[in-house]
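Thanks for coming. I have one structure to go through today, so please look at the screen.

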Amino acid sequence: MASLETEAEQEPLLGGRTSGSREWNVIETEEHYKSRWRSIRILYLTMFLSSVGFSIVIMSIWPYLQKIDPTADASFLGWVIASFSIGQMVASPMFGLWSNYRPRKEPLFVSIFISVAANCLYAYVHVPASHNKYYMLVARGLVGFGAGNVAVVRSYIAGATSLQERTSAMANTSACQALGFILGPVFQTCFALIGEKGVTWDAVDLQINMYTAPVLLGACLGVLNIILILTILREHRVDDSGRQCKSINFEEANTDEVQIPQGNIDQVAVVATNILFFVVLFIFALFETIVTPLTMDMYAWTREQAVLYGGIILAALGIEAVLIFMGVKLLSKKIGERAVLLGGLTIVWVGFFILLPWGNQFPKIQWEDLHNNSIPSATFGEIIINFWKSSREDHYEEPTGCPVEQAWCLYTPVIHLAQFLTSALLVGIGYPACNVMSYTLYSKILGPKPQGVYMGWLTASGSGARILGPVFISQVYTYWGPRWAFSLVCGIVILTITLLGAVYKRLIAFSVRHGRIQESAS
């Protein structure tokens with residue numbers, strides 16, 4: 001992971017002195033420079049572990065929930081999955097506010113400790129005699145609450161990097177987050193070899209099996225993360241030119257540090273960027289949700305095929321995202337972050353426009369009178385249930401195709417596989433570009449002032465998007481079909497591009513806005 005910021009570390013440590021500025025350049029020592037980047041790398045790891053905490057158990061929650069509490073149904077499963085995002089949405093502004101006034105070690109330590117404790121609780125939810133499902137709900141909610149430290153991580157990195165380093169550092173952070181989402185299910189698959197029975201440690205009444213081993217690994221990694229934060233992380237803050245600044249977060253005062261520049265933050269740009277970020281995550285969340293039901297309806301795939309092929313497609317998109325995260329660092333230096341964000345939104349719009357049904361070929365109709373398991377629940381609980389049912393039940397010729405209960409199946413043309421794959425490729429390009437540019441622009445707009453609360457609200461908006469995206473697409477797709485669903489998404493993206501155009505000139509760095517440095521790219 002250390003190689004990710006090699007390019008950023010080779011960039012000039014300080015920006016040129018601004019004409020007419022009364023601030024002086026403070027030379028950054030080699031020791032300070034190495035300490036700053038060691039701290040940033042530790043937070044890359046924190047971001048990685050935070051995303052792993054979400055994805056490492058996502059496919060095993062349903063069978064574990066059934067095992068510990070047979071009264072749990074699909075509706076409750078949806079709440080269990082959504083509780084992570086709800087917890088993160090609540091915690092992000094709180095940890096962000098805390099990090100503004102106290103050393104960042106404090107909220108990071110507390111948040112990771114909460115995640116470790118929550119993972120241990122998850123491993124013990126089988127012990128109580130009743131209400132086990134509620135213990136699991138609390139455990140997943142607390143894991144999400146601990147993941148609210150994402151706001152602290154991004155605010156630290158934003159404050160510890162100059163404008164020249166910021167885009168690269170934010171891209172590396174997003175890449176680590178994406179890797180966590182990719183590798184989490186891989187870890188889960190490896191632990192599946194342990195089996196449901198596993199081994200029992202009677203002394204502490206601990207069952208180590210395919211359901212609990214992943215969270216126990218997460219708890220161990222969390223303890224390691226806490227040790228690294230307490231021993232290596234140091235408080236660092238630099239201004240947009242790379243000069244050290246005084247801050248309440250600093251443990252030691254230094255008379256060579258410059259004061260934080262004064263000036264008002266452009267609140268219009270702040271609100272607009274929050275909206276842009278919400279839409280970006282909203283669109284990707286609904287795309288992830290619709291993959292399985294769409295492919296089952298359009299291509300008559302079985303549940304097992306849809307989960308397998310859909311998982312491969314999403315894994316490929318994750319790898320593609322990591323590559324895009326690395327590529328936008330170079331592209332943004334040539335054309336600027338705003339242009340990359342605009343281009344990313346345009347590519348996303350093209351991707352969903354391609355998904356619109358056309359032609360005179362229609363999907364295979366599923367005439368059998370059975371419950372439509374291909375329709376996603378608000379939080380994709382049914383999708384996970386279908387996967388585990390298909391792997392446990394005896395093989396039989398299950399009905400496939402677009403269920404006749406969905407009236408639109410009778411008159412909506414099929415979405416060809418080539419359309420779907422092309423759309424996935426384009427969304428996989430546009431989403432990561434928009435994601436990292438949103439974070440980068442946001443941090444630059446806020447400037448060298450403490451960003452904890454603002455980053456908390458941005459993280460909360462993203463968590464809300466991950467909750468509402470699946471709800472939106474499941475309802476519209478089920479009752480109106482893909483033509484209406486993807487047309488509405490295209491309309492949302494057009495409105496978002498319009499908003500970006502309206503505030504385009506305001507999405508500039510704090511120091512550029514106040515005339516302290518010149519803008520390097522348009």
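I will start with the overall picture, then take the salt bridges, a few buried residues and the cavities.

First, a caution: this is a predicted model. Every number I give is computed from it.

The protein has 17 helices and four strands. Of its 522 residues, 58% are buried. If you take the contacts with a separation of 6 or more, 82% of them are between residues 24 or more positions apart. Please keep that last figure in mind for the salt bridges, which come next.

How many salt bridges does the structure hold? The count is five, and I will go through three of them, beginning with Arg36 and Glu165. Their side chains meet at 2.9 Å, N to O. Arg36 belongs to helix 2 and Glu165 to helix 8, which covers residues 163-191, and the two are 129 residues apart, so this pair links distant parts of the chain. Are these two charged residues buried or exposed? Both Arg36 and Glu165 are buried.

The next pair is Arg104 with Glu235, where the closest N and O atoms are 3.0 Å apart. Here both partners sit in loops: Arg104 between helix 4 and helix 5, Glu235 between helix 9 and helix 10. They too come from distant parts of the chain, 131 residues apart. Arg104 and Glu235 are both buried.

The last of the three is Lys444 with Glu337, at 2.7 Å from N to O. Lys444 is in helix 14, residues 417-446, and Glu337 is in helix 12, residues 337-354, so the pair ties together parts that are 107 residues apart in sequence. Again, both Lys444 and Glu337 are buried.

Now to helix 7, residues 150-159. How many of its residues are buried? Ten of the ten are, so to speak, under cover. The buried set includes Val150, Arg154, Ser155 and Tyr156.

I picked Ser155 from this helix for a closer look. Its relative accessible area is 2%, so Ser155 counts as buried. What does Ser155 touch, leaving aside its neighbours within four places in sequence? The contacts are Ser99, Arg104, Gln451, Gly452 and Met455. Arg104 you have already met, as the partner of Glu235 in a salt bridge. As for the distance along the chain, Pro450 is 295 residues from Ser155, yet their C-alpha atoms are separated by 7.3 Å. Within its own stretch, the side chain of Ser155 reaches the backbone oxygen of Val152 at 2.9 Å.

Two more buried residues, briefly. Gln88 is in helix 4. It has 4% relative accessibility, so it counts as buried, the cut-off being under 20%. Leaving aside neighbours within four places in sequence, Gln88 is in contact with several residues, among them Gly144, Phe145, Val150, Thr459 and Arg466. Val150 is one of the buried residues of helix 7.

Lys329 is in helix 11, residues 303-335. At 5% relative accessibility, Lys329 is also buried. What does its side chain pair with? There is a polar contact with the side chain of Asn172, at 3.1 Å.

That leaves the empty space. Rolling a probe the size of a water molecule over the atoms shows where such space is left. In this model there are four cavities of 30 Å³ or more. The largest cavity holds about 240 Å³ of space.

Which residues lie nearest the centre of the largest cavity? They are Leu49, Ser50, Gly53, Ser115 and Asn119, out of 21 lining residues. Helix 2, helix 5, helix 6 and helix 9 each supply at least two residues of that lining. Helix 9 gives the most, with six residues. Helix 2 is also the helix that carries Arg36, from the salt bridge with Glu165.

What about the character of the lining? It divides into eleven nonpolar residues, ten polar and no charged.

To close, three points to take away. The three salt bridges I described pair Arg36 with Glu165, Arg104 with Glu235, and Lys444 with Glu337. Ten of the ten residues of helix 7 are buried. The largest cavity has no charged residue in its lining.

Conventions
Residues are numbered from 1 along each chain as its sequence is written. This is a predicted model: local features need pLDDT of at least 70, side-chain atom pairs count only at pLDDT 80 or more; totals for chains, interfaces and linings use all residues. Side-chain values use heavy atoms; hydrogens and water are left out. On a 1 Å grid over the protein atoms alone, a cavity is a set of points where a 1.4 Å probe fits but cannot get out, and a pocket is an open set with protein on both sides within 12 Å along at least five of seven lines; lining residues have an atom within 4 Å of a point. Grid points are joined across faces, edges and corners, and a volume is the space filled by probe spheres set on the points. Ala, Val, Leu, Ile, Met, Phe, Trp, Tyr, Cys and Pro count as nonpolar, Asp, Glu, Lys and Arg as charged, and the others, Gly among them, as polar. Buried means under 20% relative accessible area, exposed over 50%, partly exposed in between (1.4 Å probe, protein chains only). A salt bridge is a side-chain nitrogen of Lys or Arg within 4 Å of a carboxyl oxygen of Asp or Glu. Contact means heavy atoms within 4.5 Å. A polar contact is a pair of N or O atoms within 3.5 Å; within protein, one must be able to donate a hydrogen and the other to accept it, and residues adjacent in sequence count only if both atoms are side-chain atoms.
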